[in-house]
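Here are my notes for your first look through this structure. Keep the 3D view open and click on each residue as it comes up.

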Amino acid sequence: SRLNATVMRDGVYFVAESKAEALTALENLVETLEGSTFHSLPLLDENKQRDMLKTAFVDDSLGQIDDLVGRIGAILKRPDQTVTASRFADFQVLRTELAERATEYTELLETSLGETQVRLEMLDQQLWALVERVNGDQ
């Protein structure tokens with residue numbers, strides 16, 4: 001199970017309560033590694049904490065989306081460059097994971113993540129342009 005963690009700052013991540021079982025398993029694993037520590041603390045469900053989480057999520061997700069847009073954009077800038085079906089599928093999987101994560105956080109925070117949605121739409125446009133460059137190779 002994926003944790004869909006959001007980076008709050010270096011070494012500090014937010015993981016939704018619905019992922020508690022997987023987080024406990026990770027904590028147990030880390031505790032077996034010599035010199036490693038793992039601490040989990042509950043986050044209060046209040047407006048200030050929600051705002052902090054929203055800011056962190058948007059920053060984190062926009063960075064990931066922009067990275068993917070940049071990678072696809074570099075391909076699209078070269079008129080003769082094609083991509084394999086496998087690489088295109090990898091891009092689609094990453095896009096789906098980003099969208100699912102945005103939906104999860106929209107529901108968790110009970111708020112719109114407009115900028116993230118706009119960037120996902122830009123990513124969709126690039127994927128549609130890239131589909132024309134897919135060759136038959138795996």
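The numbered points below go through a buried arginine, the salt bridges, the two largest pockets and a pair of residues in different places.

1. Before anything else, keep in mind that this is a predicted model. The numbers in these notes are all computed from it, so please read them that way.

2. Let's start with Arg101, which you'll find in helix α3, the stretch covering residues 85-109. Is Arg101 buried or exposed? Its relative accessibility is 6%, and the limit for "buried" is under 20%, so Arg101 counts as buried.

3. Now look at what surrounds Arg101. Leaving out residues up to four places away in sequence, Arg101 touches Asn4, Ala5, Thr6, Phe57, Asp60, Ser61 and Gln64. One of these, Asp60, deserves a closer look: its side chain makes a polar contact with the side chain of Arg101, at 2.8 Å.

4. That contact has another name too. Asp60 and Arg101 form a salt bridge, with their closest N and O atoms 2.8 Å apart. The pair links distant parts of the chain, with Asp60 in helix α2 and Arg101 in helix α3, 41 residues apart. Asp60 has a relative accessible area of 17%, so this residue is buried, and Arg101 is buried as well, at 6%. As a bit of background, side chains of opposite charge can pair when their charged atoms come close.

5. How many salt bridges does the structure hold? The count is six. Another one to find is between Asp45 and Arg50, where the closest N and O atoms are 2.7 Å apart. Check the accessibility of each partner here: Asp45 counts as exposed because its relative accessibility is 61%, whereas Arg50 is buried, with a relative accessible area of 19%.

6. Next, go to helix α2 for the salt bridge where the side chains of Arg71 and Asp67 meet, at 3.4 Å from N to O. Why are these two separated by about one helical turn? Because they sit four residues apart in helix α2. Arg71 is partly exposed, with a relative accessible area of 37%, and Asp67 also counts as partly exposed, at 43%. There is a network to look for as well: salt bridges that share partners join Asp66, Glu115 and Arg119.

7. On to the pockets. The largest pocket holds about 1000 Å³ of space. Its lining is made up of 33 residues, and those nearest its centre are Tyr13, Phe14, Val15, Leu41 and Leu43. By class, the lining has 20 nonpolar, six polar and seven charged residues.

8. Which element gives the most to the lining of the largest pocket? That is α1, with five residues. If you want to trace the contributors, β1 (6-9), β2 (12-14), α1 (20-31), α2 (47-76) and α3 each supply at least two residues.

9. The second largest pocket has a volume of about 220 Å³. Its lining residues include some that you have already met, among them Asn4, Gln64, Asp67, Arg71 and Arg101. The elements that give two or more residues to this lining are α2 and α3. By class, the lining residues divide into five nonpolar, two polar and five charged.

10. Asn4 is worth a separate visit, and you'll find this residue in the segment before β1. What is the phi of Asn4? The value is positive, about 50°, although Asn4 is not a glycine. The relative accessibility of Asn4 is 19%, so this residue counts as buried. Asn4 also ties two earlier points together, as one of the residues that Arg101 touches and as part of the lining of the second largest pocket.

11. Finally, try a distance. Val93 is in helix α3 and is partly exposed, with a relative accessible area of 46%. Pick Val93 together with Leu53: the two are 40 residues apart in sequence, and their C-alpha atoms are 25 Å apart in space. Then go back to Asp60 and Arg101, which are 41 residues apart and yet meet in a salt bridge, with their closest N and O atoms 2.8 Å apart.

Note on methods:
Residues are numbered from 1 along each chain as its sequence is written. This is a predicted model: local features need pLDDT of at least 70, side-chain atom pairs count only at pLDDT 80 or more; totals for chains, interfaces and linings use all residues. Side-chain values use heavy atoms; hydrogens and water are left out. Buried means under 20% relative accessible area, exposed over 50%, partly exposed in between (1.4 Å probe, protein chains only). A polar contact is a pair of N or O atoms within 3.5 Å; within protein, one must be able to donate a hydrogen and the other to accept it, and residues adjacent in sequence count only if both atoms are side-chain atoms. Contact means heavy atoms within 4.5 Å. On a 1 Å grid over the protein atoms alone, a cavity is a set of points where a 1.4 Å probe fits but cannot get out, and a pocket is an open set with protein on both sides within 12 Å along at least five of seven lines; lining residues have an atom within 4 Å of a point. Grid points are joined across faces, edges and corners, and a volume is the space filled by probe spheres set on the points. Ala, Val, Leu, Ile, Met, Phe, Trp, Tyr, Cys and Pro count as nonpolar, Asp, Glu, Lys and Arg as charged, and the others, Gly among them, as polar. A salt bridge is a side-chain nitrogen of Lys or Arg within 4 Å of a carboxyl oxygen of Asp or Glu.
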